[in-house]
Amino acid sequence: MNHSELEHHLQELFDGRLEGQAFENLQQELRDDPAARAAYREHLHLHHALEFRTKGVDRLNVVPMERVVKRRELRTMRNAGLAAVALLVLGALVMALVASHQPKPTLTFNTAPGTETSISHSSKGEDAPEGMVLEPGSRLKIITGTVELEFSSGVRGIIRGPADLTLQREDLLELTNGTVWFEVPSKAVGFTVNTPDLVLTDLGTGFGIISEPNFLDEVHVFDGVVEVRSRHGLKKKELLKAGQARYAGPAGRWKETPVRRDHFLDELPTKIIEPAVVSTEESSGNQLAYADDASDSDLLHGLTPVTTGWNLGGKAHPKELTDGIHGAKYEQVLGDPVQGAWTTVGATAEYHLGTGAKELGYDITSIQSIADWNGAGFGNQAWTVEVKPVGGSYRILHTVNYHPLTSQPLDGGGATKVTLADKSGVLASGIESVKFTASHVAGSVGNSFVWRELDVFGGPTKRTP
Amino acid sequence: MELDATQQAEFVSQIANHQAALHAYIISLMPGMDGVDDVLQETNLVLWEKRRTFEPGSNFRAWACAIARFRVMGHRRKLGRLGFQMFDDDLAEQLAAECEAEPEELTDRIRALEHCLGRLPEKERALIDFRYFSDSQLEEYAAQCGRPVNSLRVSLFRIRTALKKCITGELTLYRNRP
């Protein structure tokens, strides 16, 4: 049997369509050829992952034993012919309800100015919902902008695009990506959101979810209690209270992350929101492409940061972030193989700029960040920068998620450079401290990256901000 | 002796944590056959009934797979009596044993799968979603989208081949360390 025939037979097998002599031929091939069995295992893994992914939400809500027992009892009852009677009674009840009530749409939505969406429904023709309405099976994609969701159950949500969601049931929403805030009244307790990484069940609360492709999904609780369960690895369940935020690591263990209330909208904007921060992103297959861009004259140069959570393996160190030196390739300098800072998810570096010549703090005009490595996505970058005005509290200035190198060849390497600026010329004014927090990048071990240089440009604030 | 409340909760948690592995193991013993979900449920029930016999600290996965194996063999015998064609017991056992011996990479596989699905054109993604999410027949989808069912089967073959290749590439990336 040649490779093409084998592949065809295996796909037919897992579709339950292989029979007759073709089945016998495949069976013989699998008995005789270890390579055929390896191909079989590959198909098995694909089939299993596809099935588990799509039906996972039911399987992850591990079947309570009482339900299994009831199912068995029901099966016995069915065998006795009683189920038919039960079905008739149930059918009559449903028909009575249909006849006496015009159902309210399960979910309606409104859009903010400038929002672009597309909608599709599982029901076709006359059965398809009309207008800004979602029924179970409907899928809403937000290309850009913000949408307000109003469930008939009383659940309300504000979701920022780009986003993609499918209503599975009145109380179950599948969110493939998007940043969403929900408010769930007590009568709708049990409302569940299923994302690629987690299953979240609300216990009467207000919470936010960030779900982005290639990043680990985060849940932020602002009020009440939610139950979260990781869909991967250990599939650990945890109850989160107000003021807590978590993401599930690749092994399924919950990890803390700062609560980011300002990341979520709880009202629909009344005008188009244009981002003030302008982010310029560049990438290259040459890992030393931006080696000459590291600055030794920016505001951070020479400052010693307060750091937490960095990987110090291979002599990597966060002090190399602001030394004005890009650094050489891996193992090119004896005794210092990793010439850069090696992040972990949640690693922080906090720089105290001081209050400046006029004690008004500093104006930050731009921020430049360079990451690179010899392969496997470590040249991507994902981070958040927060600024603290003189005498004030930290606020998030911007979040960077830039990961163009996930498909790079293993031995190719690559670099990314991100520059933040503001249309007004000043990103932030009157600042005394700046804090950077590394986030998750795709395709690398531990979702980490190698940060070569971090430059903050600006000067002392001259007038009261 | 009955487990106390904490032990019961831990046991349920163990069952929950091994659903994916059990599902994969059951499919490996009965590829393309109906009833995988039923066998998994039956296995869960038997695991619960036998909870007092499990020794804490021993290999739960191996114990659960052994129980699942008996359930699958019972199911296979039933289908065999109904005339279904299936691999002989020796080959089924060999395939399942080889699958069980492989490292568990489901977390990475599902992550890689999501990534690869994200690269598919919308029409191809819709076809995969229909095939694995809907309980309806492919013929119904063919009628909906106005394509011959054989053409959809060819598309599915091509998409799955591409997904398999893409996942293999992603897993290689995940294994690479700086």
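Helices (H or I, at least four residues) and strands (E, at least two) are DSSP runs, numbered from the N terminus. The model is predicted: local features need pLDDT of at least 70, side-chain atom pairs count only at pLDDT 80 or more, and totals for chains, interfaces and linings use all residues. Residues are numbered from 1 along each chain as its sequence is written, while chains are lettered from A and ligands numbered from 1 in the order in which they are written.

**Exercise 1. State the pattern of elements along chain B, and set the make-up of chain B beside that of chain A.**

Solution.
Step 1. Along its sequence, chain B reads α-α-α-α-α-α-α-α-α. That is nine helices and zero strands.
Step 2. Chain A has five helices and 23 strands.
Step 3. For burial, count the other C-beta atoms, placed from the backbone, within 10 Å of a residue's own: 20 or more is buried, 12 or fewer is exposed, and in between is partly exposed. Of the 465 residues in chain A, 43% are buried. In chain B, with 178 residues, the buried share is 30%.
Step 4. Two residues are in contact if their C-beta atoms, placed from the backbone, lie within 7 Å. In chain A, 63% of the contacts between residues at least 6 apart in sequence join residues at least 24 apart. For chain B, residues 24 or more positions apart account for 71% of the contacts with a separation of 6 or more.

**Exercise 2. Describe how helix 3 of chain B packs on helix 4 of chain B.**

Solution.
Step 1. Locate the pair: helix 3 covers residues 36–49 of chain B, and helix 4 covers residues 60–81 of chain B.
Step 2. Axes are lines fitted to C-alpha atoms, for helices over the stretch in contact, and angles run from 0 to 180 degrees between N-to-C directions. The two axes are 9 Å apart, at an angle of about 130°.
Step 3. Angles under 35 degrees count as roughly parallel, over 145 as roughly antiparallel, 65 to 115 as roughly perpendicular and the rest as oblique. Helix 3 and helix 4 of chain B are therefore oblique to each other.
Step 4. A crossing is left-handed if the near helix is turned anticlockwise from the far one by less than a right angle, and right-handed if clockwise. Helix 3 of chain B crosses helix 4 of chain B in the right-handed sense.
Step 5. On the helix 3 side of chain B, the residues in contact are V39(B), E42(B), T43(B), V46(B) and L47(B); helix 4 of chain B supplies A64(B), I67(B), A68(B), R71(B), V72(B) and H75(B).
Step 6. Ala, Val, Leu, Ile, Met, Phe, Trp, Tyr, Cys and Pro count as nonpolar, Asp, Glu, Lys and Arg as charged, and the others, Gly among them, as polar. This contact of helix 3 with helix 4 of chain B has seven nonpolar, two polar and two charged residues.

**Exercise 3. Do the same for helix 2 of chain B against helix 4 of chain B.**

Solution.
Step 1. Helix 2 of chain B spans residues 19–29, and its axis comes within 10 Å of that of helix 4 of chain B, crossing at roughly 35°.
Step 2. The crossing of helix 2 and helix 4 of chain B is right-handed.
Step 3. Helix 2 of chain B contributes A21(B), L22(B), Y25(B), I26(B) and L29(B), and helix 4 of chain B contributes R61(B), A64(B), C65(B), A68(B), R69(B) and V72(B).
Step 4. The classes in the contact of helix 2 with helix 4 of chain B are nine nonpolar, no polar and two charged.

**Exercise 4. Examine helix 1 of chain A and the residue G16(A).**

Solution.
Step 1. Helix 1 of chain A (residues 3–14) has 12 residues. The expected span is 1.5 Å times one less than the number of residues. From first C-alpha to last, helix 1 of chain A reaches 17 Å, close to the expected 16 Å.
Step 2. Its buried residues are L6(A), H9(A), L10(A), Q11(A), L13(A) and F14(A).
Step 3. G16(A), just after helix 1 of chain A, has a positive phi of about 70°.

**Exercise 5. Place K315(A), E359(A) and P162(A), and describe their backbone.**

Solution.
Step 1. K315(A) is not a glycine, yet has a positive phi of about 65°. K315(A) sits in the loop between strand 15 and strand 16 of chain A, and is partly exposed, with 14 other C-beta atoms within 10 Å.
Step 2. E359(A), also not a glycine, has a positive phi of about 55°. E359(A) is in the loop between strand 17 (348–352) and strand 18 (362–373) of chain A. E359(A) counts as exposed because it has 11 C-beta neighbours inside 10 Å.
Step 3. P162(A) lies in strand 6 (residues 156–169) of chain A, and a cis peptide bond with omega of about 0° joins G161(A) to P162(A).
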